[in-house]
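Q: Please take a close look at the pockets of this protein and set them in the context of the chain around them. A connected account, with the charged side chains included, would be most useful.

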Amino acid sequence: MGAYKYMEEVYRKKQSDVVRFVSRVRCWEYRQRPSVVRVHRPTRPEKARKLGFKATAGFVVFRVRVRRGGRKRPVHKGKTMGKPKFQGVNHLKFERNLRSVAEERAGRRLGGLRVLNSYWLNQDATHKYFEVILVDTNLPQIRNDPRINWLVNPVHKHRELRGLTSAGKHARGLVGKSHGTHKLRPSKRANWKRRNTLSLRRYR
């Protein structure tokens, strides 16, 4: 096995003494840094390479800190002004996962770069930490590389804000192809609209 395979095996056992100790030490360092900060090289190179990272010009990695927990409804003094069914405030969950939130924050902070992918890095009782891979599509090295220049197309601007990354597709339920997912494509809204729109021919 190569070095990356050994590194992959180490991270598969997250409760081992080695990973727990390293994670605890790194977590302390991450807490002292800003919520979005650039790292010089991926902390998990084997995972980054699986997701498309290359150690060449144009690829950058940012570490993002996201607060854990559910989403409290932002209403004044807990008054939702609605029917009893919708009066919940505390035990609500955000519809997207925290990894897609991290991608969104990185994409908004670095508007000139394109979000390629992301992966879990660390977590403690309060925060989760992710590393987001971004690509500078203005460089000729990226524009001339047939393996990555699909990202140059303007249709991929802010793909993280539209649920087009891997984390976003997970949140939309688009990873499954079996029974129960037929109403999710191309999206919940578009599928509902197609099923509830009466379409008649003009001359009939």
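A: The account below begins with the model as a whole, turns to the two pockets, and ends with the salt bridges.

The structure is a predicted model. Its mean pLDDT is 95, and 100% of the residues of the protein chain reach 70 or more. Among the elements, strand β4 (residues 127-135) has the highest mean pLDDT, at 98, whereas helix α1 (residues 3-12) has the lowest, at 92.

The protein chain contains seven helices and four strands, and their order along the sequence is α-α-β-α-β-α-β-β-α-α-α. Its radius of gyration is 21 Å, whereas a compact globule of 204 residues would have a value near 17 Å. Along the principal axes, the C-alpha atoms occupy a box of roughly 65 × 50 × 35 Å. Of the 204 residues, 32% are buried.

The largest pocket has a volume of about 410 Å³. It is lined by 16 residues, of which E95, R96, A171, R172 and K188 are the closest to its centre. Three helices, α4 (98-109), α6 (166-172) and α7 (188-195), each supply at least two residues of this lining. Helix α6 gives the most, with three residues. By class, the lining of the largest pocket comprises eight charged, four polar and four nonpolar residues.

The second largest pocket has a volume of about 220 Å³. Its lining consists of K14, Q15, V19, R20, S23, R24, C27, R31, W120, N122, Q123 and D124. Here helix α2 (17-32) and strand β3 (114-123) each supply at least two residues. The largest share, six residues, comes from α2. The lining of the second largest pocket divides into five charged, four polar and three nonpolar residues.

The charged side chains can next be followed through their pairings. Ten salt bridges are found in the whole structure. Two of them can be described in helix α4, an element that also contributes to the lining of the largest pocket. In one, the side chains of E103 and R99 meet with an N to O distance of 4.0 Å. These two residues are separated by about one helical turn because they stand four residues apart in α4. Both E103 and R99 are buried.

In the other, R108 and E104 are joined, with 3.1 Å between N and O. R108 and E104 are likewise four residues apart in helix α4, about one turn of the helix. The two partners fall on opposite sides of the burial limits: R108 counts as exposed because its relative accessibility is 55%, over the 50% limit, and E104 counts as buried because its relative accessibility is 17%, under the 20% limit. Beyond these pairs, K5, E8, E9, R12 and K50 are joined into one network by salt bridges that share partners.

A further salt bridge links E46 with R44, whose closest N and O atoms lie 3.7 Å apart. Both E46 and R44 are buried.

To return to the part in focus, the largest pocket takes the most lining residues from α6, and the second largest pocket takes its largest share from α2.

Note on methods
Residues numbered from 1 in each chain as written. Predicted model: local features only at pLDDT ≥ 70, side-chain atom pairs only at ≥ 80, totals over all residues. Heavy atoms only, no water. 1 Å grid on protein atoms, 1.4 Å probe; cavity = no way out; pocket = protein on both sides within 12 Å on 5 of 7 lines; lining within 4 Å. Points joined across faces, edges and corners; volume = space filled by probe spheres on them. Nonpolar A, V, L, I, M, F, W, Y, C, P; charged D, E, K, R; others polar. pLDDT = per-residue confidence, 0-100. Buried < 20%, exposed > 50% of the residue type's maximum accessible area, 1.4 Å probe, protein only. Rg over C-alpha atoms; globule rule 2.2 N^0.38 Å.
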